[in-house]
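Reader: I should be grateful for a close examination of the salt bridges in this model. Please treat the charged side chains one pair at a time.

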Amino acid sequence: MLTLLGISMVVVFTYLIMAKRLTPVAALTIVPILFAVIGGFGSKLGDMMMEGLKTVAPSAALLLFAILFFGVLIDAGLFDPLIQKMLKIVKGDPVKIAIGTAVLALTVALDGDGTTTHMITISAMFPLYKRLGMKPLVLATISLLSLSIMSGMTPWGGPATRAITSLGLDAGDFFIPLLPTMFGGMACVIGIAFLLGKKERERIGVIEIDLAAQNQASLSEAAAAYALQEDIKRPKLVWVNLLLVLSVMVILVMGLLPVPVLFLIGFVLASMINYPNLEQQKERMLAHAGNALTVVTLVFAAGIFTGIFEGTKMVDAIANSLVAIIPESLGSFFPLVVALTSMPFTFVLSNDAYYFGVLPILAEAASAYGIDPVEVARASVLGQPVHFLSPLVASTLLLVGMVKTDLGEFQRYAIKWSILCSLFVIVVAVLTGAISIF
């Protein structure tokens, strides 16, 4: 009963947002409440929703302050030199821009954090896409796939960390055999970027940009992510702002401060350094309030969904049912089965639910066939390109907000590329021995 109820809830929810019948916020809130009432959990709804909100509160705070932090730095013109340099290199070629996006996103994603990856990549590249008339969905897809590969497989990334922790594995044993797969995934992302860029080149052509005919002010204005007045630019503070960003990134990687607190401090310092005038600080905050409110609202709505999904035990029922239907005849192919099923599993479940709830069950089942748990752990992260399309991923909600698109529209556009990327890394993992099939 719970399994059917949970699957029905996910299917109805996915249909409503992809068909644009409801906004993501409305679907994330109304659909789980309706199904919880149908399942007889009406009396417990308040407690479950509050637990969900408590779970996502740190993510909401992180996104709020990260948006404001990077927003202030964008306003100050931190990324303008990069934009101008990129314009000179790519010379208006969408293929070069798409590949450049992939290289930038893969590099930034090395820290394993989705929020900073999207904030930096979109902030730096979105102006170029707007300048040339390229589809923002292309940018969003490349950024998401890049993050899914780097965050999914590096031991300090969220999925891998959970897999290693839940099964008590050695990080080196997990990661080193997975390195060729990660490099294959990086090549796949660049290949997809090439294909998407080629489609854009066929659609809009190569845009000639006469840089010599543009002065610094007009170039900065043309490449700006938002219609910003030149009086809020701080070109003399570029190196100070860059040092601030690098300091925040170093502290983030070292884990010296809670991430939401770190970005709050970063936002405050960025505001004070670039806009000492209190009225200007208020203006910059209000300029990004709309984007921040949209994303934070989505995150809290996702908390309602997660709280009900987990509180009603629908998630446990779905996990156990899916594990139970794996035929014993597939025992020797168990790592491959785990890799393939990780795509739908991680789309409908949060990473915590999957890696701490489902993965131990899968590892225990695999042990009956003499399969090392580390192979199951490696297989479990190969579906991350599909996982990151889930509305339960906070950084994805941030991503669609930054490129000003709808979640359902983004999912329809990116789903085939995400599945392709997942299947590609699974094949590479099998060929390189990261997971075995016999």
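Is Lys54 buried or exposed, and what is its relative accessible area? Please begin there and continue to the other charged pairs.

Author: Lys54 is exposed, with a relative accessible area of 54%. That value places Lys54 in the exposed class because the class begins over 50%. The structure discussed here is a predicted model.

The side chain of Lys54 forms a salt bridge with that of Glu51, with an N to O distance of 3.8 Å. This distance qualifies because the criterion is a nitrogen to carboxyl oxygen separation within 4 Å. Glu51 is partly exposed, at a relative accessible area of 47%. Both residues belong to helix α3, which spans residues 45-75. Because Lys54 and Glu51 are 3 residues apart in that helix, about one helical turn separates them.

A search of the whole structure finds 4 salt bridges, and two others may be described in the same manner.

In helix α10, Glu200 and Arg203 are joined by a salt bridge between their side chains, with an N to O distance of 2.8 Å. These two residues are likewise 3 residues apart, about one turn of the helix. Their accessibility classes are as follows: Glu200 is buried, with a relative accessible area of 3%, whereas Arg203 is partly exposed at 43%. Glu200 is classed as buried because its value is under 20%.

Helix α10, residues 179-204, also contains Arg201. The side chain of Arg201 meets that of Asp93 in a salt bridge, at 3.0 Å from N to O. This pair links distant parts of the chain, for Asp93 lies in the loop between α4 (80-90) and α5 (94-108), and the two residues are 108 residues apart. Asp93 is buried, with a relative accessible area of 9%. Its partner Arg201 is partly exposed, with a relative accessible area of 34%.

The chain as a whole supplies the setting for these pairs. It has 21 helices and 0 strands. Of its 438 residues, 55% are buried, a class to which Glu200 and Asp93 belong. Among contacts between residues at least 6 apart in sequence, 80% join residues at least 24 apart. The accessible surface of the chain comes to about 17800 Å², and carbon and sulfur atoms account for 68% of that area.

Definitions and conventions
Residues are numbered from 1 along each chain as its sequence is written. This is a predicted model: local features need pLDDT of at least 70, side-chain atom pairs count only at pLDDT 80 or more; totals for chains, interfaces and linings use all residues. Side-chain values use heavy atoms; hydrogens and water are left out. Helices (H or I, at least four residues) and strands (E, at least two) are DSSP runs, numbered from the N terminus. Buried means under 20% relative accessible area, exposed over 50%, partly exposed in between (1.4 Å probe, protein chains only). Contact means heavy atoms within 4.5 Å. Accessible areas come from the Shrake-Rupley method with a 1.4 Å probe; for residues, only the protein chains shown count as cover.
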